[in-house]
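Me: I would like to work through a protein model step by step, asking one thing at a time and hearing the reasoning before the result. Could we begin once the structure is in view?

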Amino acid sequence: MIRIIFPLLVGIATLFSGASIAQSGIQLADDAPDSYTVIKGDTLWDISGRFLREPWRWPEVWRLNRDEIRNPHLIYPGQVIMLDRSGPWLTIGRRVGGSDKLQPQVYNEQLDTAVPSIPLHVIEPFLNKPLVVDQARLEDAATIVATETSRVLTGSGDTVFAKNVKPDTEVWQILRPARPLQDPVTRETIAYEADYLGTARVTEHGEPATLEILSAVEEIGTGDLMVPSESPSVFSYAPHAPDQEVDGRVMSIYRGVTETGRLNVISLNVGARDGIERGHVLSLFRNRGAVEYKGEDGKEVFNLPEKRFGVVFVFRVFDRVSYALVMETDGPVTIGDAARKP
């Protein structure tokens, strides 16, 4: 699919004064270059980090409107990013001939070569699989009740039988509820993280329905659950701050470890019902706890101020749970750390 790119982006945005951006508090990186040539493997976050102290604010200096922020396929390898320090603004051009002169261009590029917002290879396994099942989804799921020839476990090409299979759904994702997701504040189990097992297609409707296993990443057996297959998702959301205040907590760290770092996936105890959406950027804060001071006047207890130590990028949202990629951190991310509007 070919897309025509207008490298000057939205030129009419020049009607807005540079002062409005300057007043928004955007700061250039100490060693920000005048230009940078995009290479394969770059992300928009990394490119913006060359120019800005807060890379997630790149949509503001690109002067994008709300719709463009939601679908930022704008930059491709070989393009030259130019910095106008008066705004600051970022625009795109290409070098003319063998000289260093830069000139805006209009040209065609394949969409699949566009530079992504964040490293897609890290989050790709999380985009379409049923990561989280809450009580409502558990109650609405189909269940494998038997396997062909009473085999205990099955794999690709095998036949299984399931109950509660909706007649209007042909392809199903198979999962196994694995780990409870417990709110670190209330201690309530608000959902279950699911192990993705594979996919199956209905070959004959009924009660039970007959299905063929299309793919299996783990062995599948009776009692495993099935939910309708989700359409493939292309993640192309640009970072932006929530409109409302957010009071979330790190609820779990993928693969069950107790702490993690940059470019690793975490889950948060806030989701769609809290106003969280894909592309939201949240700051991480660490609770330093309280200390007891013994002085002449006796014991005094002081709550130490929280420390802001990182930034996360939300890439998938459920009702009460969201998944985010740790983009920046100057210390380990642990369960219970706070996530708030930056």
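The questions and answers below go through salt bridges, a cavity, a surface patch and some details of the backbone.

Me: How many salt bridges does the structure hold?
Reply: Please keep in mind that this is a predicted model. Side chains of opposite charge can pair when their charged atoms come close. For a salt bridge, a side-chain nitrogen of Lys or Arg has to lie within 4 Å of a carboxyl oxygen of Asp or Glu, and the number of such salt bridges in the structure is 15.

Me: How many residues apart in sequence are the parts that lysine 166 and aspartate 140 tie together?
Reply: The side chains of lysine 166 and aspartate 140 meet in a salt bridge, with 2.9 Å from N to O. Lysine 166 belongs to the loop between strand S10 (159-163) and strand S11 (171-182), while aspartate 140 belongs to helix H6 (residues 135-140), so the parts tied together by this pair are, in sequence, 26 residues apart.

Me: Is lysine 166 buried, partly exposed or exposed?
Reply: Buried means under 20% relative accessible area and exposed means over 50%, with partly exposed in between. Because its relative accessibility is 30%, lysine 166 counts as partly exposed.

Me: Which residue forms a salt bridge with arginine 320, and how many residues apart in sequence are the parts that the pair ties together?
Reply: The partner of arginine 320 in a salt bridge is glutamate 188, and their closest N and O atoms are 3.2 Å apart. Arginine 320 lies in the loop between S22 and strand S23 (322-329), and glutamate 188 lies in the loop between S11 and strand S12 (189-204), so the two parts are tied together across a sequence separation of 132 residues. The answer is therefore glutamate 188, with parts 132 residues apart.

Me: Is aspartate 337 buried or exposed?
Reply: Aspartate 337 forms a salt bridge with arginine 286, and the closest N and O atoms of the two are 3.5 Å apart. The limit for a buried residue is under 20% relative accessible area. Since the relative accessibility of aspartate 337 is 4%, this residue counts as buried.

Me: Which residues are joined into one network by salt bridges that share partners?
Reply: When salt bridges share partners, the separate pairs can be followed from one to the next as one network. Here the residues joined in this way are Asp247, Arg249, Glu306 and Arg340.

Me: How do the residues of the lining of the largest cavity divide into nonpolar, polar and charged?
Reply: Rolling a probe the size of a water molecule over the atoms shows where empty space is left. The count comes to one cavity of 30 Å³ or more, and about 40 Å³ of space lies in the largest cavity. Its lining is made of Val132, Asp134, Ile190, Ala191, Phe318, Asp319, Arg320 and Val321. These residues divide into five nonpolar, no polar and three charged.

Me: What is the accessible area of the nonpolar patch that includes Leu304?
Reply: Leucine 304 lies in the loop between strand S21 (298-303) and strand S22 (307-317), and at 34% relative accessibility leucine 304 counts as partly exposed. On the surface, Leu304 forms a nonpolar patch with Val291, Tyr293 and Phe302, and together their accessible area is about 350 Å².

Me: What is omega for the cis peptide bond that joins glycine 87 and proline 88?
Reply: Proline 88 has its place in the loop between strand S3 (80-84) and strand S4 (89-95). The peptide bond joining glycine 87 and proline 88 is cis, and omega is about -5 degrees.

Me: What is phi of arginine 187, and is this residue buried or exposed?
Reply: Arginine 187 lies in the loop between S11 and S12, and although this residue is not a glycine, phi is positive, at about 65 degrees. The relative accessible area of arginine 187 is 54%, and exposed means over 50%. The answer is therefore a phi of about 65 degrees and, for arginine 187, the class exposed.

Me: How far apart in space are alanine 238 and isoleucine 118, C-alpha to C-alpha?
Reply: Alanine 238 lies in the loop between strand S15 (225-228) and strand S16 (247-253), and at 0% relative accessibility alanine 238 counts as buried. In sequence, alanine 238 and isoleucine 118 are 120 residues apart, whereas in space, C-alpha to C-alpha, the separation is 8.7 Å.

Terms used: Residues numbered from 1 in each chain as written. Predicted model: local features only at pLDDT ≥ 70, side-chain atom pairs only at ≥ 80, totals over all residues. Heavy atoms only, no water. Patch = residues over 30% accessible without salt bridge, like charges linked within 9 Å, V, L, I, M, F, W, Y side chains within 5 Å. Areas by Shrake-Rupley, 256 points an atom, 1.4 Å probe, with all protein chains shown as cover. Helix = DSSP H or I, 4+ residues; strand = E, 2+ residues; numbered from the N terminus. Buried < 20%, exposed > 50% of the residue type's maximum accessible area, 1.4 Å probe, protein only. 1 Å grid on protein atoms, 1.4 Å probe; cavity = no way out; pocket = protein on both sides within 12 Å on 5 of 7 lines; lining within 4 Å. Points joined across faces, edges and corners; volume = space filled by probe spheres on them. Nonpolar A, V, L, I, M, F, W, Y, C, P; charged D, E, K, R; others polar.
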